[in-house]
Amino acid sequence: MADAHPPPPQYSRGMLALLTFVLALANLMEVIDLTIANVAIPTITGDLAVAPNQGAWVITSYTVASAITVPLTGWFAQRFGQVRMYSLAIAFFTMASALCGLSTSLQMLVSFRVVQGAVAGFMVPLSQALLMASFPPQKRAMGLAIWAMTITIAPIVGPILGGWIVDNYHWSWIFLINIPVGIFASIATWVLMRDRETPTRKLPVDRVGIVLLVVWVGSLQLMLDKGNELDWFNSAFIVALAVIAALGFALFLAWELTEEHPVVDLHLFRYRNFRYGALSMSLGFACFFASIIILPLWLQTQLGYTSQWAGYSIAPGGIFAVLLAPFVGRAIGRTDPRRLATIGFVVFAVVAFWRARFTTGADFATIALPQLVQGIGIAFFFTPLIAINLGGIPQPLIASATGLQNFMRMMAGSFGASIAIAAWTNRQSLHSSRLGEQLTAYSPTLRGFTDQLSAAGMTSAQAHAEVGRLVSGQAYMLATNDIFWAVGNLFLVLTLVLWTTRPPFGMLGGGSGH
């Protein structure tokens, strides 16, 4: 064990403000990278000459890698120290960002996004831990509120910044802009906190658990990403991935339940609130993340939106999230968190059903207004569910519970994105086929429409091509509606699951919530 040092004096107000800015800046940089690439996917795939559905790898590779490393944060922090580990994570994140920006193929970009996501998995929990440790006990609730604010600002900054960069520069700059921020944050963190390094100790590492985790998660994600392209289980490769994922998951469960120092403590699921609360949070986040993937993809590929305007349409979702977050935080402890979380789920469901009524003639205001309302749901989603999840869990297990719920949330988001894109493509094919069946050579509707186009000066070939374009656009519209109908119904089901939890609940801002 490293030498124990006496506690250093508290930061002055000015130094605490500077440190808070540095930690929040690095955390914001990492969280923005979850959303900044969303609006750039069509541009990236076009520039790299790959299919749009393959662009999901740019997002899912990041989230899967990040989710895998989140449970390892505690081990690395105790082995090397929180300050050193956080500074190194920012440095490697910055390096991976530079390599992403210099990529010339999808394979290169996805590979470096894996590295970027892997080190990002350490940054979010460590930034929270260091920020909370820097504040005096009576002000830690304020520190937590500042940290949470970086999470809610990202939906505003990410889409707008990503869209503006893609439309005015090259998509590589969505990664290259991390370089000066990362260098500053890494150096500043070490300079400001190196005398406050946490004690280190050697710990056993669950190597088998880590390998099994990577195998089953990686196989399942690859299966979801490639399934649509390879015609699912008609492909021997997809079948093999499914078998490896299923077998790896079974072995992972058996090993982790019997390992003395598991990488993921599955025994936490014996706590009722964690079991159902984490399920609600994970599936809810999967639906939320799927919607912010599908919406800009539809806007850019079907409605002709630029990346920047797609970002503008998504950005309003962060406004109410920021404005209402402090009020929701104060309500925790005075109000049943299940009621607060129910508001979030119901708002999400209403917004999903609202979007399910979109048409191809929807204007910008029609698309942006539901996104603005969704910000209310975001504010009532994360904080109450965290309080529910931690209810009844002993203090020594809080860190493990926090890591596991973050792991589940990030994995669900990645899987949700892949499933949504695959379902969107399949439903488009189905609707296109059904619409095409109604437009035969003997269809009065088709003949009348082509006659109108011919009268407008189009040749017969041009008229039929225009009809095909309109059919494809309507098919994508119907597929988009289907996705949002499914998401809305799942949110309502999760509201019922949420109420299977029971008091007591964890109190954020004090006690077990920390």
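Contact here means heavy atoms within 4.5 Å. The structure is a predicted model.

**Exercise 1. Describe the surroundings of Asn389 and of the helix that holds it.**

Solution.
Step 1. Locate the residue: Asn389 lies in helix α17, which covers residues 382–389.
Step 2. Classify Asn389. Buried means under 20% relative accessible area. Asn389 has a relative accessible area of 0%, so it is buried.
Step 3. List the partners. With neighbours within four places in sequence set aside, Asn389 is in contact with Asn273, Phe274, Gly277, Ala278, Met281 and Gln405.
Step 4. Extend the view to the helix. The buried residues of α17 are Phe382, Pro384, Leu385, Ala387, Ile388 and Asn389. Because six of its eight residues are buried, α17 is largely enclosed by the rest of the structure.

**Exercise 2. Relate Ala331 to Pro384 in sequence and in space.**

Solution.
Step 1. Place Ala331: helix α14, residues 319–331, contains this residue.
Step 2. Classify Ala331. Its relative accessible area is 14%, and therefore Ala331 is buried.
Step 3. Compare the two separations. Ala331 and Pro384 are 53 residues apart along the chain, while 9.2 Å separates their C-alpha atoms.
Step 4. Set this pair beside the contacts of the chain. Among contacts between residues at least 6 apart in sequence, 84% join residues at least 24 apart.

**Exercise 3. Identify the residues that touch the most other members of the largest nonpolar core, and the helix that gives the most to this core.**

Solution.
Step 1. The largest nonpolar core has 67 residues, and those touching the most other members are Leu109, Ile174, Trp298, Phe381, Leu385 and Trp424.
Step 2. Helix α12, residues 272–302, is the largest contributor to this core, with 13 residues.
Step 3. Take Trp424 as an example. Beyond its neighbours within four places in sequence, Trp424 is in contact with Ile294, Leu297, Trp298, Thr301, Tyr476, Ala479, Thr480 and Ile483.
Step 4. Add the second core, which is separate and has 60 residues, including Leu19, Phe93, Ile393 and Ile398.

**Exercise 4. Summarise the fold content and the exposure of the protein chain.**

Solution.
Step 1. Count the elements: the chain has 20 helices and zero strands.
Step 2. Give the buried share. Of the 514 residues in the chain, 52% are buried.
Step 3. Turn to the surface. The chain exposes about 22,000 Å², of which 68% comes from carbon and sulfur atoms.
Step 4. Check for disulfides. A search of the whole structure finds zero. Two cysteines can be classified by accessibility: Cys100 is buried because its value is 0%, and Cys287, at 6%, is buried as well.

**Exercise 5. Which residues form a nonpolar patch on the surface, and is Leu102 buried or exposed?**

Solution.
Step 1. The patch consists of Leu88, Phe92, Met95, Leu99 and Leu102, which together have about 460 Å² of accessible area.
Step 2. Place Leu102: this residue is in the loop between α5 (82–101) and α6 (106–134).
Step 3. Classify Leu102. The cut-off for exposed is over 50%. Leu102 has a relative accessible area of 58%, so it is exposed.
Step 4. Recall the general tendency. In soluble globular proteins, nonpolar side chains tend to be buried together.

**Exercise 6. State what sets the backbone of Ala49 apart, and where this residue lies.**

Solution.
Step 1. Ala49 is not a glycine, yet its phi is positive, about 60°.
Step 2. Ala49 is in the loop between α2 (41–47) and α3 (56–69).
Step 3. With a relative accessibility of 69%, Ala49 counts as exposed.

Terms used:
Residues are numbered from 1 along each chain as its sequence is written. This is a predicted model: local features need pLDDT of at least 70, side-chain atom pairs count only at pLDDT 80 or more; totals for chains, interfaces and linings use all residues. Side-chain values use heavy atoms; hydrogens and water are left out. A disulfide is a pair of cysteine sulfur atoms within 2.5 Å. Buried means under 20% relative accessible area, exposed over 50%, partly exposed in between (1.4 Å probe, protein chains only). A nonpolar core is a set of buried Ala, Val, Leu, Ile, Met, Phe, Trp, Tyr and Cys residues joined through side-chain atoms within 4.5 Å. Helices (H or I, at least four residues) and strands (E, at least two) are DSSP runs, numbered from the N terminus. Accessible areas come from the Shrake-Rupley method with a 1.4 Å probe; for residues, only the protein chains shown count as cover. Patches are made of residues with over 30% relative accessible area and no salt bridge: like charges are joined within 9 Å, nonpolar side chains (Val, Leu, Ile, Met, Phe, Trp, Tyr) within 5 Å. A salt bridge is a side-chain nitrogen of Lys or Arg within 4 Å of a carboxyl oxygen of Asp or Glu.
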